[in-house]
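User: I am new to this structure and would like to learn how its features are read. Please begin with how one tells whether an element is enclosed.

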Amino acid sequence: MENIYNLVLDLKQKITQTEIVIPELDNNTHKFNMKITQNGNDYVFEDDITSELAILKTDGNFVVLPTQKTGSSYIATLTEQALTTAGITKAELRFKKSDELLTSTQFSFLVREVIVSNKHIESTSVYKALDALLAKSEEFTKKMDEGIKSLSNVDALKAELSEINAQIISAKNELSQN
């Protein structure tokens with residue numbers, strides 16, 4: 001399950017326009033297959049060059065992704081971190097050799113907002129269930145209030161029982177003496 005976008009990036013151009021639209025958070029399923037040219041001719045790098053794709057997101061943060069060299073092309077897989085912010089996103093391929101850096105032309109793509117995400121609340125039809133739970137909650141609250149009222153009489157009941165107990169003990173003592 002993947003979607004591959006083929007791009008030709010010329011080292012001499014300022015920017016390459018694309019019409020690529022990628023859904024936000026579609027991680028690890030979108031790949032850029034980038035061929036590098038210089039003035040329209042294939043550009044071949046030496047073997048000891050490393051490459052990476054730098055992505056500038058619309059929130060001002062950047063992500064650097066590793067690339068794989070396949071023939072004369074470089075492939076980068078877009079991760080979730082590269083697709084977290086909807087909007088026009090800029091990218092460029094960077095080539096490194098010790099302290100040298102060569103950067104490709106910049107290109108942009110659109111990260112579009114998706115319908116299902118953590119930013120949106122799922123609509124459900126659980127109103128009846130919520131209504132039933134609310135009724136049970138109200139019933140439980142009423143029973144708890146009755147219980148609290150009963151508990152507030154406990155001290156008075158204890159005093160009354162203590163008095164009755166004292167009377168029983170007194171009556172028992174009188175009977176024992178007779």
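Analyst: Buried means under 20% relative accessible area, exposed means over 50%, and partly exposed lies in between, with a 1.4 Å probe and protein chains only. Strands (E, at least two residues) and helices (H or I, at least four residues) are DSSP runs numbered from the N terminus. In strand 6 (residues 50-56), 5 of the 7 residues are buried, so this strand is largely enclosed by the rest of the structure. The model is a predicted one: local features need pLDDT of at least 70, side-chain atom pairs count only at pLDDT 80 or more, and totals for chains, interfaces and linings use all residues. Residues are numbered from 1 along each chain as its sequence is written, and side-chain values use heavy atoms, with hydrogens and water left out.

User: Which strands does strand 6 pair with?

Analyst: Two strands pair if DSSP finds at least two bridges between them. Strand 6 is joined to strand 10 (residues 87-97) by 7 bridges, and the two run antiparallel. Within that pairing, T50 has K96 as its bridge partner. Strand 6 also pairs with strand 7 (residues 62-66), again in the antiparallel sense, over 5 bridges; here L53 stands opposite L65. Strands 6 and 7 form a hairpin with 5 residues between them, and G60 in the turn has a positive phi of about 90 degrees.

User: How many salt bridges are there, and how is one recognised?

Analyst: A salt bridge is a side-chain nitrogen of Lys or Arg within 4 Å of a carboxyl oxygen of Asp or Glu. By this rule the count is 7. One of them joins the side chains of K96 and E52, at 3.4 Å from N to O. This pair links distant parts of the chain, K96 being in strand 10 and E52 in strand 6, 44 residues apart. K96 is partly exposed, with a relative accessible area of 32%, whereas E52, at 15%, counts as buried.

User: Which residues form a network of salt bridges?

Analyst: The network links E46, D48 and K97. The side chains of K97 and D48 meet at 3.9 Å, N to O. K97 lies in strand 10 and D48 in the loop between strand 5 (41-42) and strand 6, 49 residues apart. K97 is partly exposed at 26% relative accessibility, and D48 is partly exposed at 48%.

User: What separates K143 and E139 along helix 1?

Analyst: K143 and E139 are 4 residues apart in helix 1 (residues 127-152), which means that about one helical turn separates them. They form a salt bridge whose closest N and O atoms are 3.7 Å apart. K143 is exposed at 53%, while E139 is partly exposed at 46%.

User: How is empty space found, and which residues line the largest pocket?

Analyst: Rolling a probe the size of a water molecule over the atoms shows where empty space is left. On a 1 Å grid over the protein atoms alone, a pocket is an open set of points where a 1.4 Å probe fits, with protein on both sides within 12 Å along at least five of seven lines; lining residues have an atom within 4 Å of a point. The largest pocket is lined by Y43, V44, F45, E46, I49, F95, K96, K97, E100, L101 and L102. Strand 10 and strand 11 (100-103) are the elements that give two or more residues to this lining.
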